[in-house]
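Open the model in your viewer and follow along. We begin with the chain as a whole and then move in to a single residue.

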Amino acid sequence: MSALITIQTPDAPAAQGPYSQGILLTPAGLVYISGCIPLVPPHDTLIPGGIIPQTQQTLRNFKAILEKGGSTLNKVIKTTVYVKDLNDFAKVNEEYAKFFGDHKPARATVEVARLPADVLIEIEGIAVV
């Protein structure tokens, strides 16, 4: 029988609504990570400085939830990246590539009109344990 285990870590921003930071599905061994935005825990303050530092912080938050769920970056299957401006695509790609190294999960990137807290980027994903 499958079980859903809520993932919660103080190393990433608290959920900003009625959802969890992530869910671990057992025994399938899948981690679903909710959309991460560039807030700095523990006070969940927005990181200043534009798309590069916001991408870096978003990825740090993503990793914290992923690891709390028992997985690692090299086990990420797919991510979805939401950006406020596709003109930032190259900068996001550069930081994303540094973060994941040789591992290249499947990915979609979507430009959106607005993101929570008016951030510039949000990333969600799925990984195996």
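Select the whole chain first and color it by burial. Of its 129 residues, 40% count as buried. Keep in mind that this is a predicted model.

Now show the surface. The protein chain exposes about 6,800 Å². Carbon and sulfur atoms supply 57% of that exposed area.

Switch to the C-alpha trace. Along its principal axes the trace spans about 45 × 35 × 20 Å. How does the radius of gyration of the protein chain agree with that of a compact globule? For 129 residues, such a globule would have a radius near 14 Å, and the chain has 14 Å, so the two agree.

Next, turn on the cartoon. You will find two helices and eight strands. Trace them along the sequence: the pattern reads β-β-β-β-β-α-β-α-β-β.

Display contacts next. Take those with a separation of 6 or more: 68% of them join residues 24 or more positions apart.

Then select the charged side chains. There are 11 positive and 12 negative charges. Their mean positions lie 4 Å apart.

Last stop: go to helix 1, residues 51-68, and select N61. Is N61 buried or exposed? N61 has a relative accessible area of 1%. The cut-off for buried is under 20%, so N61 is buried.

Now show what surrounds N61. Leaving out residues up to four places away in sequence, N61 touches D11, A12 and P13. N61 also touches C36, I37, P38, L39 and P41. Select these together with N61 to see the contacts from helix 1.

Technical notes. Residues are numbered from 1 along each chain as its sequence is written. This is a predicted model: local features need pLDDT of at least 70, side-chain atom pairs count only at pLDDT 80 or more; totals for chains, interfaces and linings use all residues. Side-chain values use heavy atoms; hydrogens and water are left out. Helices (H or I, at least four residues) and strands (E, at least two) are DSSP runs, numbered from the N terminus. Buried means under 20% relative accessible area, exposed over 50%, partly exposed in between (1.4 Å probe, protein chains only). Contact means heavy atoms within 4.5 Å. The radius of gyration is taken over C-alpha atoms; the globule rule is 2.2 Å times the number of residues to the power 0.38. Accessible areas come from the Shrake-Rupley method with a 1.4 Å probe; for residues, only the protein chains shown count as cover. Lys and Arg count as positive and Asp and Glu as negative; His and the chain ends are not counted. The place of a charge is taken as NZ of Lys, CZ of Arg, CG of Asp or CD of Glu.
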